[in-house]
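The exercises below are meant for a reader who is meeting this structure for the first time. Please look at the sequence and the model, and try each task before reading its solution.

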Amino acid sequence: MTYSELTTLIKNFTDNSETTFDNTIADFVKNTEDRIFNLVQSDFFRKNQIGSFSTGNRFLTCPNDFILSFSLAVIDGSSDYHFLEKKHPSFMQEYVPDIADTSLRGLPLYYADFDKEYSTSSSSGTSIVVAPVPDSNYSVELHYLHKPTSLVSNTSGTWLSQNAREAMLYGSLVEAYTFMKGEQGLLDTYEKRFLQSIDRLKNRAEARGRRDEYRYDSLRSQVS
């Protein structure tokens, strides 16, 4: 589903093509994408990024689309992975009280969110701190949560518009009908349809997608 197709559906369902309404449709879509993003733990929202630590530098700048981390691994000279344990930033200072002391350097064992900033032209974005301070140059692999590009920007179609079509439609209709101050009964119907589609998405993303049939067989719904 393209942005144009979704826009047409919203106008047809609400029977509204008034200028102010039309100019607000992009916000309806973005709000719906935010709801889906926060309600469904889809693997599509995960990314891997290879980076590097340099000797004596305990900070790692995160990718521009970084939201939060799932894991951070240091790769040593033998290409072995060492997964770091996530801690509070204050633990880093306690673990290495003197970051200038070269005798305290070593292979990083712990990491923490040092600061979280939105990446802009004047800000490099979120950074992660590790301890001990790296004693050598290391490659690192960051597994993290990212927010996909909006359908408003990628108008030809996104993963959500293609794979969560119903959620996108009814979520947008909830936003649109709330904006119109529409009749409560119909608004409740749209919200119910949206939540039903979210349940199906969660079942696919968080259940079927996290276990294989060889070990667990297929999922079954209880019949009452």
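**Exercise 1.** Which residues are linked with E166 in a network of salt bridges?

Solution. The model is a predicted one, and its structure holds nine salt bridges. Begin with the pair R200 and E166, whose closest N and O atoms are 2.7 Å apart. This pair links distant parts of the chain, with R200 in helix α6 and E166 in helix α5 (residues 165-179), 34 residues apart. The network is then completed by R193, which is linked with E166 and R200. As a last step, consider exposure: R200 counts as partly exposed because its relative accessibility is 46%, and E166 is likewise partly exposed, with a relative accessible area of 26%.

**Exercise 2.** Find the salt bridge that K11 forms, and decide whether K11 is buried, partly exposed or exposed.

Solution. The side chain of K11 meets that of D22 in a salt bridge, at 2.7 Å from N to O. K11 belongs to helix α1 (residues 3-14) and D22 to helix α2, and the two are 11 residues apart. Buried means under 20% relative accessible area and exposed means over 50%, so K11, at 25% relative accessibility, counts as partly exposed. D22 is also partly exposed, with a relative accessible area of 30%.

**Exercise 3.** Describe the lining of the largest cavity, and say how its residues divide by class.

Solution. The structure holds one cavity of 30 Å³ or more, and about 40 Å³ of space lies in the largest cavity. Its lining is made up of I36, V40, S42, F45, W159, L160, L201 and A205, with α4 and α6 (184-207) each supplying at least two of the residues. Sorting the lining by class gives seven nonpolar residues, one polar residue and no charged residues.

**Exercise 4.** Which element gives the largest share of the lining of the second largest pocket?

Solution. The second largest pocket has a volume of about 180 Å³ and is lined by 13 residues, of which E33, K147, P148, T149 and S150 lie nearest its centre. Two or more lining residues come from each of α2 (19-39) and α4 (159-163), and the largest share, four residues, is that of α2. By class, the lining divides into five nonpolar, four polar and four charged residues.

Notes
Residues numbered from 1 in each chain as written. Predicted model: local features only at pLDDT ≥ 70, side-chain atom pairs only at ≥ 80, totals over all residues. Heavy atoms only, no water. 1 Å grid on protein atoms, 1.4 Å probe; cavity = no way out; pocket = protein on both sides within 12 Å on 5 of 7 lines; lining within 4 Å. Points joined across faces, edges and corners; volume = space filled by probe spheres on them. Nonpolar A, V, L, I, M, F, W, Y, C, P; charged D, E, K, R; others polar. Salt bridge = Lys/Arg side-chain N within 4 Å of Asp/Glu carboxyl O. Buried < 20%, exposed > 50% of the residue type's maximum accessible area, 1.4 Å probe, protein only.
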